[in-house]
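New to this one? Here is a friendly walk through the model, taken a piece at a time.

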Amino acid sequence: MRKRLLTWFSDNARDLPWRRDHSPYRVWISEIMCQQTQVATVLPYFERFLSTYPTIRDLADADESQLMRMWEGLGYYRRARSLHAAAKKMVEEHDGEFPESFDDVLALPGIGRYTAGAIQSISRNQAFPILEGNTQRVFSRWIGLTVPPTEKVAQARLWELSDKMLPRRKSDDRSNGPAGFNQAAMELGALICSPRSPKCGECPVATICHANQMGLQDEIPGKISKVQYESRTEIAVVISRDDRYLVRTIPEGVRFAGMIDFPRAGPPEADDVVGMESWLAGQLGGDVKLGMRLKTIKHAVTRYRMTLHVHLGEWNVNSDRVAEDGPMPDSWQWATVDELADMPMSVTGRRIVRLLDRPQRSLFSEL
């Protein structure tokens, strides 16, 4: 099975930038980016990221705002913060070099057993097993595992299989070593052994795959509990002054922490327009009134199905808390559309900016 798989991989492997240069740093960045994200989406981000931060020290010294702007659109922004924290730790504890030992790699922020094994095997050809979405499905079909792969007993069995399948003979030939096998197994899952309608007729190991032999390729892996999405409605407010718009830096502990966003809230802070006016007035001081709805945006964030209502708003300063032209409350600022272009924002925040940057932009200042 291993020989057939490696032969297939040598002829069918995709040309990916982290395969051309498989340094630990580049493999690490690719693995973190590819978590929860398709390879096709990652490719342009990877090239830009490595161009901006070519070394661990460059990443450690990165301005967090610029780093988040580079990551914008990939989602799961905690990954970017973990990369930053891990780079700083490598500078402090490993002289800016990627750690050599598996345990030291595993100790870095944002790295678990799979990622540590992937880095060590792919970049250094070391015999560490890996188990992620693709290999979990591939290995389950190979052995005819009917138990859902997320169950504890199934996980143990699949990690054991992943380890036993690795080539053990020490060799400088990466293509026939752990680096080649682990990448080949993931590639088979990505290109052939898909979740639905796997291409068994094109699979190099179909004749020795138990799921294929038993006709169970559509039933294996067993049912994995799907995310139960929760509906949530939020309100965002566009408040303008002299061609500038009111935005804030999202505080720690809140979704998209550290990024720039328009005033936005939902339950329990703001159940409706009146609640939003009250919440925002409490944040800023003075009086806030919401006006016409500009747009409704529907999107998904982690376990939520979001509905975002974007309204125009007015902020009237009539208290001692903040003067008309005085300093802004902490974390708030005024920014032009051009300035917002260089700030890190969520996908929906960026959609609001594009809305403001349309030809009718002058209308908003009049309203």
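## A tyrosine with an unusual backbone

Tyr-76 counts as partly exposed, with a relative accessibility of 44%. You'll find Tyr-76 in the loop between α6 (64–71) and α7. Although Tyr-76 is not a glycine, its phi is positive, at about 45 degrees. Why does that deserve a second look? Most residues other than glycine have a negative phi.

Keep in mind that what you're looking at is a predicted model, so every angle and distance here is computed from that prediction.

## The overall picture

Stepping back, the protein chain has 367 residues, and 49% of them count as buried. The chain contains 17 helices and eight strands. Along its principal axes, the C-alpha trace spans about 75 × 50 × 40 Å.

## More backbone oddities

Gln-36 also goes against the habit: it isn't a glycine, yet its phi is positive, near 65 degrees. Look for Gln-36 in the loop between α3 (24–34) and α4 (39–52). Is Gln-36 buried or exposed? Gln-36 is exposed, because its relative accessible area is 65% and the cut-off for exposed is over 50%.

Then there are the cis peptide bonds. Most peptide bonds are trans. Here, though, Ile-220 and Pro-221 are joined by a cis bond, with omega at about 5 degrees. Pro-221 sits in the loop between α13 (210–214) and β1 (230–238). The bond from Pro-267 to Pro-268 is cis as well, with omega near 5 degrees. Pro-268 belongs to the loop between β5 (264–265) and α14 (273–284).

## Salt bridges, some of them out of sight

The structure holds 13 salt bridges, and Glu-72 is a good place to start. Glu-72 pairs with Arg-69 in a salt bridge, 3.3 Å from N to O. Arg-69 is partly exposed at 28% relative accessibility, while Glu-72 is buried, with a relative accessible area of 10%. Glu-72 forms a salt bridge with Arg-350 too, and there the closest N and O atoms are 2.6 Å apart. That pair ties together distant parts of the chain: Glu-72 is in the loop between α6 and α7, and Arg-350 is 278 residues away in helix α16 (residues 347–356). Both Glu-72 and Arg-350 are buried.

Another salt bridge brings the side chains of Arg-232 and Glu-234 together, at 2.8 Å from N to O. Glu-234 is buried, since its relative accessible area is 4% and buried means under 20%. Elsewhere, Arg-14, Arg-19 and Glu-187 are joined into one network by salt bridges that share partners.

## Polar contacts in the strands

Asp-261 lies in strand β4 (residues 260–261) and is buried, with a relative accessible area of 5%. Its side chain makes a polar contact with the side chain of Arg-264, at 2.6 Å.

Thr-307 has its place in strand β7 (residues 304–316). What does the side chain of Thr-307 make a polar contact with? The partner is the side chain of Lys-298, at 3.2 Å. Thr-307 counts as buried because its relative accessible area is 14%, under the 20% cut-off.

## Two buried helix residues

Leu-188, in helix α12 (residues 178–191), is buried, with a relative accessible area of 0%. Leu-188 and Ala-13 are 175 residues apart along the chain, but their C-alpha atoms are separated by 9.2 Å.

Gln-136 is found in helix α10 (residues 133–142). At 16% relative accessibility, Gln-136 is also on the buried side. Gln-136 and Thr-41 are 95 residues apart along the chain, with 22 Å between their C-alpha atoms.

## A negative patch on the surface

Which residues gather in a patch of negative charge on the surface? They are Glu-92, Glu-93, Asp-103 and Asp-104. The elements that contribute two or more residues to this patch are α7 (78–94) and α8 (102–106). Glu-93, for one, is in helix α7.

Note on methods:
Residues are numbered from 1 along each chain as its sequence is written. This is a predicted model: local features need pLDDT of at least 70, side-chain atom pairs count only at pLDDT 80 or more; totals for chains, interfaces and linings use all residues. Side-chain values use heavy atoms; hydrogens and water are left out. Patches are made of residues with over 30% relative accessible area and no salt bridge: like charges are joined within 9 Å, nonpolar side chains (Val, Leu, Ile, Met, Phe, Trp, Tyr) within 5 Å. Accessible areas come from the Shrake-Rupley method with a 1.4 Å probe; for residues, only the protein chains shown count as cover. A salt bridge is a side-chain nitrogen of Lys or Arg within 4 Å of a carboxyl oxygen of Asp or Glu. Lys and Arg count as positive and Asp and Glu as negative; His and the chain ends are not counted. The place of a charge is taken as NZ of Lys, CZ of Arg, CG of Asp or CD of Glu. Helices (H or I, at least four residues) and strands (E, at least two) are DSSP runs, numbered from the N terminus. Buried means under 20% relative accessible area, exposed over 50%, partly exposed in between (1.4 Å probe, protein chains only). A polar contact is a pair of N or O atoms within 3.5 Å; within protein, one must be able to donate a hydrogen and the other to accept it, and residues adjacent in sequence count only if both atoms are side-chain atoms.
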